Amino acid sequence: MSRKLIVLFAVLIVSVLVISACASAAPAPAEQKASEPAQSTTQSTLDVVKARGKLICGSNQAVPGFGFLQTDGSFAGFDIDFCKALSAAIFGDPSKVEYRPLSAKQRFTALQAGEIDVLIRNTTWTLTRDTELGANFAPTTFYDGQGITVRRDSGVNTLEDLAGASICVASGTTTELNLADQMASRGIAYTPVVFETADETTSAYLDGRCDAYTTDKSGLVARMSLFPNPQDHKILEETLSKEPLGPVVRQGDDQWFDVVKWTVFATFTGEEMGITSQNVDDAKANAKDPNVRKLLGLEGDMGQKLGLSNDWAYNIIKMVGNYAEIYNRNLGPDTVFNLARGLNASWVDGGLLYAPPIR
Ligand SMILES: N[C@@H](CCC(=O)N[C@@H](CS)C(=O)NCC(=O)O)C(=O)O
């Protein structure tokens, strides 16, 4: 055999090995990688968004208080307000957003394929999503945990009481995986009944096809507000997992990742400094504290460093509000949810929300 032929043969063998290695590393079917990104990875998402004149925000449509499509066709909720905050930071206008409702299963494919600029849809930060699914997670905006809803008259109080039960759960979620892990580790037999959407999952539970329904505790509270008789159901005390929820972007665009991260941090910082949509104009007119001056665009060119105008954070706070305002508007004491801040309090109040310095 000639030398050239030997080399060709070796190259062929190596190629076959590489192809079969790749095939065996395929991700789980519930959360698949898109093959070809529609948007080139070298293109700056911020430039694309600016040129398009609007942000495309992957969102939920079925979770009241977080991401919900209302009867008038508009979207509302805590997650939706972070889409608006991004729009305010980029355009000085919170309304330049197209909302793309996505099921749990569709969301990462839509992000990878460049169909959305950002995913803000009760999405839990996990190692696999951060790596294999090509996602980058902005700071957590809502620290949550998985819970279980049962009928009040069921006599069920703990996970152990659900031995032999059927449990309704949505596919493509951490929920599905945590439930399997928890039940297996405690040796509790159960039947998962899996659906793609929250509507299907809760309808099946309400129709009596399942003894229990599980998702993030925020989702349980939210969905219970849609039940015909919420008082007939209860959420078990137990928390099955950690569910840090926040905005997600594609890997490979650091500038865009920075814009999304610092948009969240601007809302935390506003709360830390006591600057609200109501007092931000006063605060700007009288700002002497260099930290306030940097936040509100009076010195330091902080916006420019992000590729934004220097009043980016002023616009977020003025047009959408600081974190506390966003939380209270959607989930606070004046809403049907009345969710205590708990871990989601600012660090100044003993919670986990902490923004690095804007300087
Ligand atoms: N945080 C979990 C669960 C998120 C999730 O998608 N939950 C479902 C069940 S409430 C949901 O929001 N579904 C909305 C829909 O199907 O439209 C995750 O990231 O996997």
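1. Ile 326 is a buried residue in this predicted model, because 26 C-beta neighbours lie inside 10 Å of it, and a count of 20 or more is what buried requires. Its place is in helix α14, which spans residues 323-331. Leaving aside neighbours within four places in sequence, Ile 326 is in contact with Phe 78, Asp 81, Thr 267, Val 320 and Gly 321. A further link across the sequence is with Ile 80: the two residues are 246 positions apart in the chain, and their C-alpha atoms are 9.8 Å apart in space.

2. Thr 267, one of the contacts of Ile 326, also takes part in a helix pair. The axes of α9 (residues 254-273) and α13 (residues 312-319) come within 10 Å and cross at roughly 65 degrees. The crossing of α9 past α13 is right-handed. On the α9 side the contact is formed by Thr 263, Ala 266, Thr 267 and Gly 270, and on the α13 side by Ala 313, Ile 316 and Ile 317. By class, the residues of this contact are four nonpolar and three polar, with no charged residue. As regards spacing along a helix, residues three or four places apart point the same way, because an α-helix has 3.6 residues a turn.

3. Asp 311 belongs to the loop that joins α12 (302-306) to α13. Its environment is intermediate: Asp 311 counts as partly exposed because 18 other C-beta atoms lie within 10 Å, where 20 or more would make a residue buried and 12 or fewer exposed. Not counting residues up to four places away in sequence, Asp 311 touches Gly 297 and Gly 303. Asp 311 and Leu 296 are 15 residues apart in sequence, with 5.9 Å between their C-alpha atoms.

4. The ligand site deserves separate comment. The shell around the ligand consists of 20 residues, and the closest are Ala 62, Ala 104, Thr 173, Thr 197 and Ala 198. Four elements give two or more residues to this shell: β2 (62-63), α6 (174-186), β12 (212-216) and β14 (243-245). Its composition by class is six nonpolar, twelve polar and two charged residues. Domain 1 (45-142 + 245-349) and domain 2 (146-241) each supply at least three residues to the shell.

5. Helix α8 (residues 217-224) is mostly covered, with eight of its eight residues buried. These are Lys 217, Ser 218, Gly 219, Leu 220, Val 221, Ala 222, Arg 223 and Met 224. They pack against β2, β8 (142-144), β9 (146-151), α7 (198-206), β12 and β13 (233-235). Among these partners, β2 and β12 also give two or more residues to the shell around the ligand.

6. Two backbone angles may be examined next. Most residues other than glycine have a negative phi. Asn 122, in contrast, has a positive phi near 25 degrees, and Asp 301 has a positive phi of about 50 degrees. Where do these residues lie, in the loops around α5 or α12? Asn 122 is in the loop between β6 (118-119) and α5 (127-131), whereas Asp 301 is in the loop between α11 (290-295) and α12. Their surroundings are as follows: Asn 122 counts as buried because it has 28 C-beta neighbours inside 10 Å, while Asp 301 counts as exposed because it has 10.

7. Thr 109 is a residue of helix α4 (residues 107-112). Is Thr 109 buried, exposed or partly exposed? It is partly exposed, because 17 other C-beta atoms lie within 10 Å. Thr 109 and Leu 133 are 24 residues apart along the chain, and their C-alpha atoms are separated by 8.5 Å.

8. Some totals for the protein chain complete the note. The chain holds 14 helices and 15 strands. Of its 359 residues, 44% are buried. Among contacts with a separation of 6 or more, 73% are between residues 24 or more positions apart.

How values were computed
Residues numbered from 1 in each chain as written. Predicted model: local features only at pLDDT ≥ 70, side-chain atom pairs only at ≥ 80, totals over all residues. Near = placed C-beta within 6 Å. Nonpolar A, V, L, I, M, F, W, Y, C, P; charged D, E, K, R; others polar. Domains from an automatic or database assignment. Axes fitted to C-alpha atoms, helices over the stretch in contact; angles between N-to-C directions. Left-handed = near helix turned anticlockwise from the far one by under 90°. Contact = placed C-beta atoms within 7 Å.
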